[in-house]
Amino acid sequence: LKEENNSNIYAFNKYIGILNKSKFTIYGNTGNTEKELDVQISNPIFSSANRFLTIAETKGQKLYLITDKEISWEANVEGNISQVQVNKNGYVAVVIVDTSYKTVIVMYSPQGKEMFKTYLSSTRTADVSISNDNKYLAIAEVDTSGTMIQSNIKVISIEKASSDPTNSVKNTYKGESGKLMVNIRYQDKDKLVCMYTDS
């Protein structure tokens, strides 16, 4: 790469992608250019699983899902994107801040159809994860309004949320007071691994 190029590099599936000046160049395992895609993103957040890659603009509105080497869909959101997460089947969750709510989470199908929105009025989102069977969306919420930090996990039924978002919470797990959650990730069989700053 040329020194003056301010490139963003990300490995996904069996490729390496380099984003530079709205061009996303995909290289194969022999170093050959496999594909060049136009993506209107300069400061990216990446998330990948299996053959899917999401690219979103940090604190921006633009979002893409790439399947293998092709753009499957793109979307614009209201508010500013702070996180994206894709599961191995191409379902995408987008965390949005700076709206009238503290946090909004939007769920998209692999085809790019908006399935539902979840609104958090007083907590910020540390992380989100979508189960491998596409049944659940887990949200790690952090409440810093009290004297002690409170981290909780909310598990939403994706099927229920698609028709009735207000009654879609399957479970809420309350973390120990004072412990800060930083990452969550679904494993197989709907097991959820949770990482705190100290454990």
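Trainee: Which residue is the bridge partner of serine 129 in β14?
Mentor: Alanine 138 is the bridge partner of serine 129 there. Keep in mind that this is a predicted model, where local features need pLDDT of at least 70, side-chain atom pairs count only at pLDDT 80 or more, and totals for chains, interfaces and linings use all residues. Residues are numbered from 1 along each chain as its sequence is written, and side-chain values use heavy atoms, with hydrogens and water left out.

Trainee: Okay, and how many bridges join β13 and β14?
Mentor: Six bridges, with β13 and strand β14 (residues 136-143) paired in the antiparallel sense. Two strands count as paired if DSSP finds at least two bridges between them. The strands themselves are DSSP runs (E, at least two residues), as helices are (H or I, at least four), numbered from the N terminus.

Trainee: What sheet do those two sit in?
Mentor: An open sheet of four strands in the order β13-β14-β15-β16, with antiparallel pairing. Its edge strands are β13 (124-130) and β16 (169-174), each pairing on one side only. Neighbouring strands in this sheet are turned by 20° against each other on average, direction ignored. For such angles, axes are lines fitted to C-alpha atoms, for helices over the stretch in contact, and the angles run from 0 to 180 degrees between N-to-C directions.

Trainee: Switching ends of the chain: in what order do β1, β2, β3 and β4 line up?
Mentor: They form an open sheet in the order β1-β2-β3-β4, and the pairing is antiparallel. β1 (8-12) and β4 (33-38) have a single partner strand each, so one side of each has no neighbour in the sheet. From one strand to the next, the twist averages 20°.

Trainee: How many bridges hold β2 to β3?
Mentor: Five, between β2 (residues 15-20) and β3 (residues 23-27), which run antiparallel. As one example, isoleucine 18 has threonine 25 in β3 as its bridge partner.

Trainee: Now β6. Is it buried or exposed?
Mentor: Six of the six residues of β6 (residues 52-57) are buried, so the strand is largely enclosed by the rest of the structure. Buried means under 20% relative accessible area, exposed over 50%, and partly exposed in between (1.4 Å probe, protein chains only).

Trainee: Which residues are on each face?
Mentor: Phe52, Thr54 and Ala56 are on one side, with Leu53, Ile55 and Glu57 on the other, and all are buried.

Trainee: What does β6 pair with?
Mentor: Strand β5 (residues 44-49) pairs with β6 over six bridges, in the antiparallel sense. Strand β7 (residues 62-67) pairs with β6 over five, also antiparallel. Phenylalanine 52 stands opposite alanine 49, and also opposite threonine 67 in β7.

Trainee: And what are the turns like?
Mentor: The β5-β6 hairpin has two residues between its strands, and asparagine 50 in the turn has a positive phi of about 55°. The β6-β7 hairpin has four residues between its strands, and lysine 59 in that turn has a positive phi of about 55°.

Trainee: Zooming out, how many helices and strands are there?
Mentor: The protein chain has one helix and 18 strands. Its radius of gyration is 17 Å, close to the 16 Å that the globule rule gives for 199 residues, so the chain is as compact as a globular protein of that length. That radius is taken over C-alpha atoms, and the rule is 2.2 Å times the number of residues to the power 0.38.

Trainee: What share of the chain is buried?
Mentor: Buried residues make up 48% of the 199 residues.
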